[in-house]
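Student: Before we go through this model, I would like to test each label against its definition. Could we take the terms one at a time?

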Amino acid sequence: MDEVIRKNYPELGEVNAPYVHSVKHGNTLFISGLTAYGTAAQHEGIAEQAEEIFSQIRKITSIECIDFSSLIKVTIFITSFKKLAELRKVLYRNYGDHLPASSLVEVRSLFSPDLSIEIEVIFGL
């Protein structure tokens, strides 16, 4: 049976809720939904918040020695489809030539009213 490793990353700040930043199981790394909460981007638009989230994801992949091209699934929660064109630019820039499977869901709100987007990802190792 594959070992399950649950991990928080001090580089992303303290977790004050019942979850961890990532769970590694076998050849898969699951990264919890990340937001721009507690960063300068928290009070910015969806594009800036998305860039901050991808910066956090890249911190994790760097620590875990994972190439970003092994991104296999993305789930994105947004509070409005109105800025979708801005978001798509950020997504294409971060994915490059390695487009993942993806789900995009509009939600009424996230846990803080300043947040426009939350992203969770899955990497193959």
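Student: How far apart are the mean positions of the positive and negative charges of the chain, and what makes a residue count as one or the other?
Tutor: In this predicted model, Lys and Arg count as positive and Asp and Glu as negative; on that basis the chain has 12 positive and 16 negative charges, and their mean positions lie 5 Å apart.

Student: How do you know whether the radius of gyration of the chain agrees with that of a compact globule?
Tutor: The rule is 2.2 Å times the number of residues to the power 0.38; for 125 residues this gives a value near 14 Å, and because the chain has 14 Å, the two agree.

Student: What makes residues 46–63 pass as a helix of the expected span?
Tutor: The expected span is 1.5 Å times one less than the number of residues, so the 18 residues of α1 should span 26 Å, and the end C-alpha atoms are indeed 26 Å apart, which agrees.

Student: Why are some residues of α1 called buried, and what do they pack against?
Tutor: Buried means under 20% relative accessible area, and the residues of α1 that meet this include I46, F54, I57 and I60. The buried residues of α1 pack against β3 (28–34), β4 (71–78), α2 (84–95) and β6 (117–124), where contact means heavy atoms within 4.5 Å.

Student: What share of the chain is buried by that cut-off?
Tutor: Buried residues make up 40% of the 125 residues.

Definitions and conventions:
Residues are numbered from 1 along each chain as its sequence is written. This is a predicted model: local features need pLDDT of at least 70, side-chain atom pairs count only at pLDDT 80 or more; totals for chains, interfaces and linings use all residues. Side-chain values use heavy atoms; hydrogens and water are left out. Helices (H or I, at least four residues) and strands (E, at least two) are DSSP runs, numbered from the N terminus. Buried means under 20% relative accessible area, exposed over 50%, partly exposed in between (1.4 Å probe, protein chains only). The place of a charge is taken as NZ of Lys, CZ of Arg, CG of Asp or CD of Glu.
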